[in-house]
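Trainee: I should like to go through the terms that describe this model and see how each value is set against its definition. May we begin with the helix packing?

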Amino acid sequence: MKTSVFLGVVAASGLIAGAGLAAEGDTLATVKSRGELLCGVNPGLVGFASPDANGNWTGFDVALCKAVAAAVLGDPTKVKYVPLTGQTRFTGLASGEVDMLSRNSTWTFSRDTDLKLDFAGVNYYDGQGFMVPKSLGVSSAKELDGATICIQTGTTTELNLADYFKANNMSYQPVNIDSNAEGEQQYMAGACDAYTTDASGLAATRAAFANPDQHVILPEIISKEPLGPMVRHGDNNWGDIVRWTLYALIAAEEYGVTSANIEELSKSSENPEVQRMLGTTDDLGAMMGLDKEWAKRAIMAGGNYGEIFAATIGEQTPIGLARGLNAQWTQGGLMYAMPFR
Amino acid sequence: MSVTDTTVPTAYVRTEMLPPRAAPMQRKGALGWLRENLFSNWFNTVLTVLGIAIIWWFVSHFWPWFAHSVWSAGSLRECREIIAATWGEGASGACFAVIRERWHQYLFGFYPRAEYWRPVMTIGLMFIALAPVLFSVSATIRRRVLAGGGLLTMILMAICGVPLWSAMLMLALFGVALLLAEYAPGRLLWFTVFYPVLGVWLLWGGSLWSPMMVLAGLAAGFVVARLLAKRAPGLAPFAAIITIAIWWAFISQPLADALAGVLPLSLLHVTSREFGGFLLAIVIGVSGITMSLPLGIVLALARRSDMPLIKTFAVMFIEFIRGVPLISLLFVASTLLNYFMPPGTNFDIILRVIIMVTIFAAAYMAEVIRGGLAALPKGQYEAADSLGLDYWQAQRLIILPQALKISIPGIVGTFIGMFKDTTLVGLIGLYEPLKGISDFVRADFNWKGIYWEPFVFVGVIFFVICFSMSRYSMYLERRLSRENR
Amino acid sequence: MNDSVPAGPTAPPFRLSMLIYDRRYRSLTFQVIVFILVMSLFWWLVSNTIENLSRLGKDINFGFLFNRAGYDIPQQLIPYTSDDTHLRAAVVGLLNTLLVSVLGCVAATILGVTVGVLRLSRNWLFARLMTIYVETFRNIPLLLWILIIYAILTEITPAPRAYQGEDARQLFLGLIAPTNRYTAIPAFVAERSPGMLHLGRIAIPWLAILYFACLGAAIVIRNRINARAQRIQNQTGKRPVTWWVNLALFVVPPVVIWLAFGLHLDVPELAGFNFKGGINVDNALVALWLALTLYTAAFIAEITRAGILSVSKGQTEAAYSLGLRPNRTMNLVILPQALRVIIPPLISQYLNLTKNSSLAIAVGYMDLRGTLGGTTVNQTGREMEGILLMMLVYLAISLIISGGMNLYNRRVALKER
């Protein structure tokens with residue numbers, strides 16, 4: 001009896017849910033037939049992904065989802081944002097709950113190989129840093145021997161911290177915290193001498209303090225955190241679409257294509273690379289199953305890489321992040337789009 | 001001594017009543033009450049002083065914070081400026097402006113704002129659906145619950161700014177329900193039966209026909225069972241189950257589509273992902289409890305069955321589920337359930353959570369109902385047997401009605417526990433009010449760093465809901481114990 | 001017909017339809033069907049899992065447990081560094097779970113029983129206060145309490161630096177220093193330590209073993225003495241005085257150990273950033289412990305109250321009329337009856353507390369769920385193995401506790417005749 005009821009419940013709920021779509025196979029076709037892109041995002045990270053009072057998502061990671069939706073479906077609003085926690089993000093992607101993950105995930109060897117997922121590129125070069133109150137009188141992470149440090153559990157930052165102190169032959173007392181909110185509360189109450197997380201997160205946290213100038217972010221960056229969008233292993237065409245959408249945004253900044261002048265440039269640009277990218281001359285989109293103007297739409301969705309950066313996390317925003325490593329390679333940064341050819 | 005001799009003065013016999021003397025000062029009035037209840041001996045005095053100290057500590061620490069609350073500001077920074085400007089630099093104060101700006105997300109998550117009338121109406125109708133079940137014992141209480149529920153729904157509707165017609169409709173429905181409850185309370189039960197379908201349709205939207213067809217499947221199964229009951233009573237339940245399965249699998253969808261073509265009764269479709277806040281907690285809690293109740297009854301009966309295999313399965317299932325924390329089951333729902341399903345199935349996460357919560361609650365429910373079954377005197381079973389009733393008849397007509405009645409307080413207790421446990425779904429990334437909504441509100445730069453206010457707000461709502469439910473169960477317990485005397 | 005003794009109803013020949021209509025066979029049929037259904041469901045789940053895993057190119061492999069964990073755990077009962085294996089991290093987590101559960105159960109029982117009794121007190125104010133406490137804690141989710149208590153704890157306690165300098169704070173009773181990171185408590189230290197018993201990488205101090213051995217021996221001897229006293233009382237009507245022997249049994253060995261090994265308290269002292277000496281109890285542990293205690297105690301208070309109220313007043317009066325003194329009435333009449341009502345729900349509260357301790361992650365206390373089911377799963381991507389293993393461990397703990405409860409229930413169950 002029990003099992004039949006259970007089966008009944010499963011069957012009924014399956015019916016209500018509607019048979020889901022295939023987890024693997026042709027993601028592009030799936031997205032097109034659904035008419036909507038399922039994009040895995042952070043449930044809430046200042047500047048990168050957060051919903052406002054009306055439930056509209058904005059942020060640096062969200063902009064990439066919009067660009068991909070614009071490229072594939074022709075409409076940047078056709079995105080369903082699926083918030084995924086640190087623990088559920090990879091299984092969510094692997095099981096087909098989302099089509100892509102744009103959720104500040106660090107590109108590491110084991111994630112790329114063992115988890116059977118692919119990184120489509122890097123949209124933000126981050127690194128782990130420390131923030132301390134000025135009153136502590138510390139000016140370098142090397143002086144933190146014996147300190148108590150607030151650290152978010154279950155992330156790579158935890159491993160980096162352990163490695164860093166071990167390598168420098170120092171000791172520390174970890175205060176594990178579950179989420180950024182708890183971390184800030186503990187840090188403000190003085191439960192830890194230093195707070196460590198990605199430098200971008202530290203900057204955002206510091207900016208929101210009542211008196212930001214009483215806290216300093218130490219110069220040491222103790223890890224490499226290349227954050228990028230992820231797709232499932234095996235569907236190479238879909239991976240290409242996400243990768244080249246990202247490159248289109250980056251390249252657009254390099255060649256001075258902005259959301260304001262794109263209409264004009266797509267007609268009048270003399271740069272053959274821009275012509276190819278925007279579909280004025282060649283039809284690059286067809287090579288990955290899209291139309292000619294895919295890149296143009298992607299750029300129009302939220303502007304080029306530089307525009308997105310400036311609008312969500314740049315120096316004009318309260319978060320106030322400098323471009324740093326994320327400047328174009330021509331400006332001494334690491335953002336380097338592969339040639340459109 | 002003669003009786004007639006009245007001349008001898010009997011000085012020791014009082015001839016007139018003394019006027020009652022006033023009670024001594026220590027026993028009278030406020031002072032007497034104080035002495036009696038607060039300072040009757042040294043231990044009591046110590047307790048009283050301790051109690052006052054505790055109250056003082058709480059008030060002195062938390063009152064200024066409350067007193068200095070700011071209700072209208074655009075961001076935490078503005079709040080801080082207002083507090084500093086009004087009560088001086090360094091004053092601490094609450095910034096409830098965040099609640100004022102985000103309250104709708106705490107209540108409904110990302111549910112489309114124009115459609116708020118639907119969840120509110122669903123909740124309002126729930127009172128009507130529950131009235132004949134939970135408040136069947138007393139007409140007065142039923143009246144009060146219906147009126148109170150109606151008032152609450154109307155207030156909610158006013159706060160949410162729903163369209164006028166929906167408020168009117170709701171008011172009319174409550175009126176009808178009140179009348180029905182007065183004159184034909186039995187009829188209201190039909191509404192209770194239809195309520196799940198109606199609720200699902202109102203909340204998720206889409207075509208009304210799909211949920212109707214699910215219900216029609218059950219009806220078809222029932223009809224088949226009735227038809228076969230005479231000819232092949234043993235086969236009837238199996239035939240019914242097979243009919244329902246066939247109906248759901250092959251008939252209901254095409255039929256629903258066809259009917260939708262004829263008469264498109266449909267609402268804007270809202271996906272589960274858009275549910276959040278207390279709406280999510282209530283949806284998970286209520287659907288979990290309604291589905292776990294039948295499952296729990298079956299499990300409880302199975303555990304008391306004399307068929308060894310059935311009993312073993314029931315015991316294994318119940319003990320396994322009760323032995324692991326809910327959070328681990330939720331992790332199974334969020335990470336492992338997809339592995340257990342055929343490749344390509346992609347379950348809605350809320351549905352997965354509801355299934356897990358149902359299974360979890362069913363195990364607890366089974367134990368509660370088993371307690372109720374065990375509490376019935378043996379004579380009831382024997383009486384049923386002596387009437388020649390078979391097992392299911394005896395359960396349906398004699399045992400379960402009584403056992404369930406005794407178990408209602410326990411069932412309500414399980415429900416309160418489950419409702420509180422819905423906060424755990426935040427740990428797997430759903431937008432429950434406590435952490436889910438609060439964390440994303442904090443991800444808005446304006447409200448980054450806000451910590452206590454959301455907790456206070458959410459805590460108060462949880463308290464109000466759970467406290468009223470526990471009062472109800474206490475009332476019922478008293479009432480039942482009086483009846484059984 | 002009439003010449004033969006009517007033979008008993010001969011068993012009718014077996015027909016297939018009897019599998020459904022005959023009650024004797026029907027239950028068999030039913031069980032076989034259910035068995036087949038359950039097994040096929042099980043098989044279905046397992047085969048799905050195998051197929052899904054093979055599609056993703058994953059396998060089920062517990063080898064990850066022996067890889068380097070790489071993360072640190074703030075609160076540990078056995079030595080652990082980030083170089084140890086995931087398995088050891090899981091054991092540390094398990095011990096942390098057990099630690100907070102045991103501490104929580106003890107404290108919740110004490111507090112809960114006290115509150116339950118005080119709710120029945122005649123002091124109006126205090127009874128109301130206790131009611132408010134019970135209702136507030138019972139009707140608000142535990143997760144909220146854990147977060148709030150953790151935050152309050154760090155807000156109201158001073159930084160370790162506050163114990164330094166001119167207007168330094170004093171240690172509580174000169175022994176305990178609550179700070180906003182940890183609570184520094186004194187530790188027992190022996191001047192002449194007999195060292196440790198090394199079992200693999202787990203070390204147990206000989207002193208503790210010695211102490212518990214003495215305690216065990218004392219309990220055994222006390223039981224013997226009491227049994228003998230009972231026997232003498234039954235024979236002669238006079239009970240020999242035994243209290244001083246009992247007292248000596250429990251007092252003398254510790255004192256001897258104390259003096260022999262030069263035991264003393266190692267009081268925490270501020271050195272640099274933090275306290276040295278003594279034991280630093282992580283605030284996450286304190287907060288979790290407090291929250292679990294306060295939350296569960298509210299339930300235990302209700303259980304206690306109901307238990308006391310369940311023993312009817314006639315029992316007390318009857319005991320008095322037999323001439324029993326009040327404390328004997330309590331011990332021999334009231335408590336045994338109240339306990340029969342109190343203990344089963346009490347144990348299930350212990351079970352709840354243990355399971356609820358898995359919310360530790362909210363304050364970053366690394367319990368089993370935080371290590372094995374949290375960071376380990378996250379770092380290795382082995383969610384299937386990690387979560388199933390974690391569930392198994394929790395199941396084992398629960399089964400052990402509820403097994404104990406069943407034993408107790410059988411002992412105290414009313415013998416029905």
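Mentor: Let us begin with a pair of helices in chain A: the crossing of α3(A) and α12(A) is right-handed. The model is predicted, and local features are given only at pLDDT of at least 70 and side-chain atom pairs only at pLDDT 80 or more, whereas totals for chains, interfaces and linings use all residues. Residues are numbered from 1 along each chain as its sequence is written, while chains are lettered from A and ligands numbered from 1 in the order in which they are written.

Trainee: What makes the crossing of α3(A) and α12(A) right-handed?

Mentor: A crossing takes that name if the near helix is turned clockwise from the far one by less than a right angle, and is left-handed if the turn is anticlockwise. Helix α3 (residues 60-73) and helix α12 (residues 294-302) of chain A cross at roughly 145°, and their axes come within 7 Å. Axes are lines fitted to C-alpha atoms, for helices over the stretch in contact, and angles run from 0 to 180 degrees between N-to-C directions. Helices (H or I, at least four residues) and strands (E, at least two) are DSSP runs, numbered from the N terminus.

Trainee: Which residues of α3(A) and α12(A) meet?

Mentor: A63(A), K66(A), A67(A), A70(A) and A71(A) of α3(A) meet residues of α12(A) that include W294(A), R297(A) and M300(A). Two residues are in contact if their C-beta atoms, placed from the backbone, lie within 7 Å. The residues of this contact comprise nine nonpolar, one polar and two charged. Here Ala, Val, Leu, Ile, Met, Phe, Trp, Tyr, Cys and Pro count as nonpolar, Asp, Glu, Lys and Arg as charged, and the others, Gly among them, as polar.

Trainee: Why are α11(B) and α12(B) called oblique to each other?

Mentor: Helix α11 (residues 277-303) and helix α12 (residues 308-323) of chain B pack at about 125°, with their axes 7 Å apart. Angles under 35 degrees count as roughly parallel, over 145 as roughly antiparallel, 65 to 115 as roughly perpendicular and the rest as oblique. The two helices are therefore oblique to each other. Their crossing is left-handed. L299(B), A302(B) and R303(B) of α11(B) meet residues of α12(B), among them I310(B), F313(B) and F317(B). The contact has eight nonpolar, no polar and two charged residues.

Trainee: How do you know that chain C is more spread out than a compact globule?

Mentor: Chain C has twelve helices and nine strands. Its radius of gyration is 29 Å, well over the 22 Å that the globule rule gives for 417 residues, so chain C is more spread out than a compact globule. The radius is taken over C-alpha atoms, and the rule is 2.2 Å times the number of residues to the power 0.38. The C-alpha trace of chain C spans about 115 × 80 × 50 Å along its principal axes. For chain B, the value is 30 Å, where a compact globule of 485 residues would have one near 23 Å.

Trainee: Is A69(C) called buried or exposed, and why?

Mentor: A residue is buried if 20 or more other C-beta atoms lie within 10 Å of its own, exposed if 12 or fewer, and partly exposed in between, with C-beta atoms placed from the backbone. A69(C) has 27 such atoms within 10 Å, so it is buried. A69(C) lies in the loop between α2 and α3 (86-119) of chain C. Leaving aside residues up to four places away in sequence, its contacts include S82(C), H86(C) and T376(C). The C-alpha atoms of A69(C) and T375(C) are separated by 9.0 Å, although the two residues are 306 residues apart along the chain. In chain C, 32% of the 417 residues are buried; in chain B, buried residues make up 41% of the 485.

Trainee: Is N169(A) buried or exposed?

Mentor: With 7 other C-beta atoms within 10 Å, N169(A) is exposed. N169(A) sits in the loop between α6 and β10 of chain A.

Trainee: What makes the phi of N169(A) notable?

Mentor: Phi of N169(A) is near 60°, a positive value in a residue other than glycine. Most residues other than glycine have a negative phi.

Trainee: How many residues does each chain give where chain C touches chain B?

Mentor: Chain C gives 48 residues and chain B gives 44 residues. On the chain C side, the largest share, 14 residues, comes from α2(C). That side has 27 nonpolar, twelve polar and nine charged residues. Between chain A and chain C, the contact takes 33 residues from chain A and 33 residues from chain C. The largest share of the chain A side, five residues, comes from β10(A).
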